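The following exercises are to be worked with the sequence and the coordinates at hand. Each task is followed by a solution in steps.

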Amino acid sequence: RIYPSPSLRQQRLISLLLVSLASAVLPAMVQAAGMVLVALNPQTPEITLKREDVADLFLGRRKLYAGEVSLVPLDTKDETLRESFYQGVAGMSSNRVRAHWARLVFSSQGRPPREVDAETALASLLNDRGILIYTFANRVPPGAKIMLKLD
């Protein structure tokens, strides 16, 4: 049997339902994924980081140093993890963070942290001093310095 194409009104209704479903399901997915930890390379000199410090670093508001080592944030391509991190550290959605960076890039005031997949972030964390990443608690490599826990 051949069905007619949905009308524009029906298409909008379907889109609205999908958006509602996604907004209901995403928080549950994030909660099921677990706690997010901010980790630093094990060889980085001692430093204490507060939630505001991490937010400022990842949002390009200021640079941070551990001794003479400049901290370099790495963003993730995992949208669930990214959403959970930015909600926990700055109270911002990942879309709002992207808009924030678009304004800064457009006005030549900064560049966002490099965005990498989870495996690259973990490898960089272990190989480069000063690398700061966020990841789910069950993926933190042994020896990494845990700087912050986000529930």
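**Exercise 1.** In this predicted model, determine whether T44 is buried or exposed, and state where T44 is placed and what T44 touches.

*Solution.* Step 1. The relative accessible area of T44 is 2%. Because the limit for a buried residue is under 20%, T44 is classed as buried.

Step 2. T44 belongs to the loop between β1 and α2 (51-58).

Step 3. Leaving aside residues up to four places away in sequence, the contacts of T44 are A66, L71, R129, G130 and K145. Of these partners, K145 falls within strand β7 (residues 145-150).

**Exercise 2.** Describe how strand β1 (residues 36-40) is covered and which way its side chains point.

*Solution.* Step 1. Count the buried residues: five of the five residues of β1 are buried, and the strand is mostly covered.

Step 2. Sort the residues by direction. V36, V38 and L40 point one way, while L37 and A39 point the other way.

Step 3. Relate this to the general rule: in a regular strand, side chains alternate between the two faces of the sheet.

Step 4. Combine direction with burial: both sets, V36, V38 and L40 as well as L37 and A39, are buried.

**Exercise 3.** Which strands pair with β1, and in what sense?

*Solution.* Step 1. Strand β6 (residues 131-136) pairs with β1 in the antiparallel sense, over five bridges. Within this pairing, L40 stands opposite L132.

Step 2. β7 (residues 145-150) is also antiparallel to β1, and five bridges join the two strands. Here A39 has I146 as its bridge partner.

**Exercise 4.** Characterise the largest cavity by its volume and its lining.

*Solution.* Step 1. The structure holds one cavity of 30 Å³ or more, and the space in the largest cavity is about 30 Å³.

Step 2. Its lining consists of T76, L81, A118, A121, L122, I133, Y134 and T135. The elements that contribute two or more residues are α5 (118-127) and β6.

Step 3. By class, the lining has six nonpolar residues, two polar and no charged.

**Exercise 5.** What are the volume and the lining of the largest pocket?

*Solution.* Step 1. The volume of the largest pocket is about 210 Å³. Of its 13 lining residues, L57, G60, R62, K63 and R111 are the closest to the centre.

Step 2. The lining comprises five nonpolar, four polar and four charged residues, whereas the lining of the largest cavity has no charged residues.

Key
Residues are numbered from 1 along each chain as its sequence is written. This is a predicted model: local features need pLDDT of at least 70, side-chain atom pairs count only at pLDDT 80 or more; totals for chains, interfaces and linings use all residues. Side-chain values use heavy atoms; hydrogens and water are left out. Buried means under 20% relative accessible area, exposed over 50%, partly exposed in between (1.4 Å probe, protein chains only). Helices (H or I, at least four residues) and strands (E, at least two) are DSSP runs, numbered from the N terminus. Two strands pair if DSSP finds at least two bridges between them. On a 1 Å grid over the protein atoms alone, a cavity is a set of points where a 1.4 Å probe fits but cannot get out, and a pocket is an open set with protein on both sides within 12 Å along at least five of seven lines; lining residues have an atom within 4 Å of a point. Grid points are joined across faces, edges and corners, and a volume is the space filled by probe spheres set on the points. Ala, Val, Leu, Ile, Met, Phe, Trp, Tyr, Cys and Pro count as nonpolar, Asp, Glu, Lys and Arg as charged, and the others, Gly among them, as polar. Contact means heavy atoms within 4.5 Å.
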